[in-house]
Amino acid sequence: MNQTNRPPLLAVKHLGVSFQTDRGQVLAVDDVSFELQSGQVLGIAGESGCGKSVTALSLMRLLPKPVSKIQDGEILLKGQNLLDLPIKTMRKIRGKKIAMIFQEPMTALNPVHTIGRQIAECYSLHFPGMGINQKRTASLQMLVKVGIPDARQVMKKYPHQLSGGMRQRVMIGMALACEPDILIADEPTTALDVTVQAQIMDLIFQFRDTTGMAVILITHDLGLIAENCDRVIIMYAGTVAESAAVTTLFRHPFHPYTKGLLQSIPSLAQTAKAPLPTIPGNVPALYEMPVGCRFVKRCNRALMQCENHRPRLMPVSSSHFAACHLVRDGEKKLN
Ligand SMILES: Nc1ncnc2c1ncn2[C@@H]1O[C@H](COP(=O)(O)OP(=O)(O)OP(=O)(O)O)[C@@H](O)[C@H]1O
């Protein structure tokens with residue numbers, strides 16, 4: 001699945017994550033593979049529950065214990081498998097090499113510590129030799145960089161004293177403090193109004209431009225992906241349904257699920273009389289996944305083999321992949 005000749009910054013290979021539930025063990029992420037290059041922005045999209053966050057948390061090795069388990073696969077950062085590392089080494093990678101921001105900043109901010117102290121702690125963790133004054137100056141500079149007005153005063157405040165947009169900026173500042181190679185942004189702007197949303201995305205991309213950091217943007221919002229990403233992965237029920245360059249995916253979607261998703265985006269040309277097309281049915285529960293294609297029950301193009309044979313990602317064209325039997329069936333010639 002290599003999209004260029006360069007070795008990838010990150011290569012996720014055949015990742016499988018299971019959860020222990022009341023109904024037994026279920027596979028929430030199954031055979032997920034993708035690559036990320038330095039400076040690249042990769043979007044991960046798909047319906048709620050399709051495994052976007054579980055994939056992201058696996059990269060950080062922050063899955064909830066003891067209910068979850070990484071069953072299979074490799075997560076190679078510059079060729080080193082993160083799954084082989086002792087937890088102490090992994091702590092050094094978090095924040096320094098891979099940082100993550102969330103939809104709700106309060107999950108990352110400590111309510112009882114001032115903003116200044118929390119940013120300074122990021123430096124303490126990864127640059128133990130830094131003096132107090134150096135850390136204070138670096139924290140202040142970071143708040144200015146992420147567009148916090150009156151940063152000196154904000155350093156003394158507590159998270160609850162800031163607006164949602166400001167808290168999000170602070171969390172981004174903390175994530176970017178150590179100039180990570182990869183920033184994972186899990187629904188970073190969903191809770192914000194559109195103006196602030198655009199500012200936050202701009203901020204992330206300014207850093208990408210100046211540091212060459214790669215970004216994994218997890219979102220339901222295909223518009224956000226179309227505007228901001230280089231590549232995109234469409235996930236369905238814990239699997240990768242399709243993966244392509246953004247322009248390819250939006251112009252020539254292959255997988256029937258991706259086509260359905262794109263058709264269900266409202267457009268300005270939509271008239272009130274014509275109802276928005278939707279994908280019939282629901283995502284199957286994890287404990288009753290079909291043995292074949294996980295999309296089979298909702299697919300308007302299902303073939304005989306889709307019921308019993310799981311389709312693997314296959315090339316539709318160079319750097320465009322779909323997990324669909326129609327690829328082998330010659331459909332790509334029609335595309
Ligand atoms: N602690 C857990 N125990 C059992 N199942 C879990 C747990 N955490 C997640 N899951 C299941 O794993 C699957 C993937 O969840 P995940 O949070 O990755 O979805 P998502 O695509 O990020 O959804 P959303 O867009 O709603 O955040 C879901 O079916 C979810 O119910």
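Which of the 15 residues around the ligand come nearest? Ala-28, Ser-48, Lys-52, Ser-53 and Val-54 do. Two elements give two or more residues to that shell: strand S1, residues 10-21, and helix H1, residues 52-60. H1 supplies the largest share, three residues. By class, the shell holds seven nonpolar residues, seven polar ones and one charged one.

Before I go on, a word on confidence. This is a predicted model. The protein chain averages a pLDDT of 90. Of its residues, 94% score at least 70. The ipTM is 0.97 and the pTM is 0.91.

Now the sheet that contains S1. Its strand order is S2-S1-S4-S5. That makes an open sheet of four strands, with antiparallel pairing. Which strands sit at the edges? S2 and S5 do, each pairing on one side only. S5 covers residues 80-81. S4 and S5 are joined by two bridges and run antiparallel. Across that pairing, Leu-76 stands opposite Asn-81 in S5. As background, strands of a sheet pair through backbone hydrogen bonds, either parallel or antiparallel.

Stay with edge strand S2 for a moment. S2 spans residues 24-36, and Asp-31 lies in it. Look at the backbone there. Phi of Asp-31 is near 60°, a positive value in a residue other than glycine. Is Asp-31 buried, exposed or partly exposed? It has 18 other C-beta atoms within 10 Å, so Asp-31 counts as partly exposed.

Next, a cis peptide. The bond joins Lys-65 and Pro-66, with omega about -5°. Where is Pro-66 found? In the loop between H1 and strand S4, residues 68-77. So the chain passes through Pro-66 on its way from H1 to S4, because that loop sits between the two.On to S9 and S10. S9 runs over residues 231-236, and six bridges join it to S10 in an antiparallel arrangement. One position to mark is Ile-234, whose bridge partner in S10 is Glu-242. Two residues lie between the strands in this hairpin. One residue there deserves a look: Ala-237. It is found in the loop between S9 and S10. Its phi is near 45°, again positive in a residue other than glycine. Ala-237 is buried, because 25 other C-beta atoms lie within 10 Å.

S10 has another partner. Which strand do two bridges join to S10? That is S12, residues 320-322, and the two run antiparallel. Glu-242 turns up here too: its bridge partner in S12 is Ala-322. How enclosed is S10 itself? Six of the seven residues of S10, 239-245, are buried, so the strand is largely enclosed by the rest of the structure.

Now a helix: H6, residues 164-176. What span should its 13 residues have? At 1.5 Å a residue, 18 Å. The end C-alpha atoms are 18 Å apart, which agrees. H6 is also well covered. Of its 13 residues, 11 are buried, so H6 is largely enclosed by the rest of the structure. The buried set includes Arg-167, Gln-168 and Arg-169. It also includes Met-166, Met-171 and Met-174. What covers these buried residues? The cover includes strand S6 (98-101), helix H3 (115-126) and helix H4 (132-145). S7 and H7 belong to it as well.

Those last two elements bring me to Asp-193. Asp-193 has its place in the loop between strand S7, residues 182-186, and helix H7, residues 194-211. Asp-193 is exposed, because it has 10 other C-beta atoms within 10 Å. How far is Asp-193 from Lys-65 in space, C-alpha to C-alpha? The distance is 34 Å, with their positions 128 residues apart in sequence. Lys-65 is the residue we met at the cis bond to Pro-66.

One more loop. Thr-107 is found between S6 and H3. Both S6 and H3 are among the elements that cover H6. Thr-107 itself counts as exposed, because it has 10 C-beta neighbours inside 10 Å. Thr-107 and Lys-88 are 19 residues apart along the chain, and their C-alpha atoms are separated by 22 Å.

To finish, three places to look at on screen. The ligand shell, with H1 giving three residues. The positive phi values, at Asp-31 and at Ala-237. And Glu-242 in S10, which bridges to Ile-234 and to Ala-322.

Conventions
Residues are numbered from 1 along each chain as its sequence is written. This is a predicted model: local features need pLDDT of at least 70, side-chain atom pairs count only at pLDDT 80 or more; totals for chains, interfaces and linings use all residues. A residue is near a molecule or strand if its C-beta atom, placed from the backbone, lies within 6 Å of it. Ala, Val, Leu, Ile, Met, Phe, Trp, Tyr, Cys and Pro count as nonpolar, Asp, Glu, Lys and Arg as charged, and the others, Gly among them, as polar. pLDDT is the predictor's confidence in each residue, from 0 to 100. A residue is buried if 20 or more other C-beta atoms lie within 10 Å of its own, exposed if 12 or fewer, and partly exposed in between; C-beta atoms are placed from the backbone. Two strands pair if DSSP finds at least two bridges between them. The expected span of a helix is 1.5 Å times one less than its number of residues. Two residues are in contact if their C-beta atoms, placed from the backbone, lie within 7 Å.
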